[in-house]
Amino acid sequence: MLKKLPFLLILMIFFSCVKKGSYRGGYYWIYSYGYPRMDFYEAAEGISEKWKIKYHSVSGCLIDQKLMDSVESENKKTYAEIEKKYGKDWRKKYNKDIDGFMMKKVDVMDVLITNELFRNELKKYYIEIYDVDKNVKELSDDLYEVVVYNEKLKAKNKECFTVSVNTKDRTVNLIR
């Protein structure tokens with residue numbers, strides 16, 4: 001049995017790494033091409049944790065019919081998998097979340113600017129309250145993760161700190 005253990009271990013690793021449709025790494029992957037709609041992609045990234053959906057651009061504006069057909073074929077499979085998880089009306093709910101994300105982002109900032117812990121963290125990194133670079137991700141209906149950056153830092157990693165924000169309770173907690 002001990003001689004077979006390494007072989008079984010290799011088989012387990014192989015089958016755990018095999019691509020399972022369009023669900024990889026905990027997300028459904030939707031492929032796109034053409035001119036990027038930046039506001040849409042910002043909102044999609046913001047709700048990606050809630051929906052477990054990510055977008056990946058496979059081409060810029062120069063495309064051919066073969067690529068378009070390939071993307072459409074892959075996305076149809078992905079949409080079917082998403083429908084199994086979220087139901088037939090998932091697109092309506094998803095689009096509603098996309099449309100509402102920018103307003104939710106304003107609500108998050110409203111909580112942050114009045115929070116003492118957040119203001120103190122900004123001071124540590126020499127960031128003015130009116131000049132905050134941040135990524136906001138919706139984790140659930142009222143819970144958000146906010147990563148704050150300082151683009152003026154000389155280091156490669158410009159990430160300063162991360163907080164969780166509960167817009168319902170109007171609370172902020174330092175994550176790192």
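Buried here means under 20% relative accessible area, exposed means over 50%, and partly exposed covers what lies in between. With that cut-off in hand, welcome to a set of close-up views of this predicted model.

**Figure 1. Overview of the protein and its order of elements.** The protein contains 6 helices and 7 strands. Read from the N terminus, these elements follow the order α-β-β-α-α-β-α-α-α-β-β-β-β. Among the 176 residues, 31% count as buried. The accessible surface amounts to about 12100 Å², and carbon and sulfur atoms hold 57% of that area. If you like contact maps, take the contacts with a separation of 6 or more: 56% of them come from residues 24 or more positions apart.

**Figure 2. A salt bridge between helix H5 and strand E4.** Here the side chains of Lys104 and Glu138 meet in a salt bridge, at 3.2 Å from N to O. Lys104 belongs to helix H5 and Glu138 to strand E4 (residues 133–138), so to speak two distant parts of the chain, 34 residues apart. Is Glu138 buried or exposed? Its relative accessibility is 0%, which is under the 20% limit, and therefore Glu138 counts as buried. Its partner Lys104 has 21% relative accessibility and is therefore partly exposed.

**Figure 3. A salt bridge near the C-terminal strands, and a wider network.** Glu159 and Arg176 bring their side chains together in a salt bridge with an N to O distance of 2.3 Å. Because Glu159 sits in strand E6 and Arg176 in the segment after E7, the pair ties together parts that are 17 residues apart in sequence. Glu159 is partly exposed, at 28% relative accessible area, while Arg176 is exposed at 54%. Elsewhere, salt bridges with shared partners join Lys50, Asp97, Lys104, Glu138 and Asp141 into one network. The protein has a count of 15 salt bridges.

**Figure 4. A salt bridge along helix H4.** This view shows Glu72 and Lys76, whose closest N and O atoms are 3.7 Å apart in a salt bridge. How many residues apart are the two in helix H4? They are 4 residues apart in this helix (residues 65–86), which means a separation of about one helical turn. Glu72 is partly exposed, with 45% relative accessibility. Lys76 has a relative accessible area of 54% and is exposed.

**Figure 5. Helix H6 and its buried face.** In helix H6 (residues 116–124), the buried residues are Phe118, Glu121 and Leu122. Viewed down the axis of H6, these residues fall within an arc of 105°, so they line one face of the helix. Which elements do the buried residues of H6 pack against? They pack against helix H5 (90–113), strand E5 (143–149), E6 and strand E7 (171–174). Glu116, Lys123 and Lys124 are exposed on the other side of H6.

**Figure 6. The two ends of helix H6.** At the N-terminal end, Asn115 acts as the cap of H6, with a side-chain oxygen 3.0 Å from the backbone nitrogen of Leu117. Just after H6, Tyr126 adopts a positive phi of about 55°.

**Figure 7. Ser48 and its surroundings in helix H3.** Ser48 is part of helix H3 (residues 48–51). With 1% relative accessibility, Ser48 counts as buried. A polar atom of the Ser48 side chain lies 2.9 Å from the backbone oxygen of Glu45. Apart from neighbours within four places in sequence, Ser48 is in contact with Tyr27, Ile53, Lys54 and Lys137.

**Figure 8. Ser164 and its contacts in strand E6.** Strand E6 (residues 159–166) includes Ser164. Ser164 is buried, at 14% relative accessibility. Setting aside residues up to four places away in sequence, Ser164 touches Leu143, Tyr144, Thr171, Val172, Asn173 and Ile175.

**Figure 9. A nonpolar patch on the surface.** Tyr33, Val58 and Ile63 make up this patch, and together they have about 200 Å² of accessible area. Val58 comes from strand E3 (residues 53–59). Val58 is partly exposed, at a relative accessible area of 36%.

Key
Residues are numbered from 1 along each chain as its sequence is written. This is a predicted model: local features need pLDDT of at least 70, side-chain atom pairs count only at pLDDT 80 or more; totals for chains, interfaces and linings use all residues. Side-chain values use heavy atoms; hydrogens and water are left out. Patches are made of residues with over 30% relative accessible area and no salt bridge: like charges are joined within 9 Å, nonpolar side chains (Val, Leu, Ile, Met, Phe, Trp, Tyr) within 5 Å. Accessible areas come from the Shrake-Rupley method with a 1.4 Å probe; for residues, only the protein chains shown count as cover. A salt bridge is a side-chain nitrogen of Lys or Arg within 4 Å of a carboxyl oxygen of Asp or Glu. Buried means under 20% relative accessible area, exposed over 50%, partly exposed in between (1.4 Å probe, protein chains only). Contact means heavy atoms within 4.5 Å. The arc is that of the directions from the helix axis to the C-beta atoms. A polar contact is a pair of N or O atoms within 3.5 Å; within protein, one must be able to donate a hydrogen and the other to accept it, and residues adjacent in sequence count only if both atoms are side-chain atoms.
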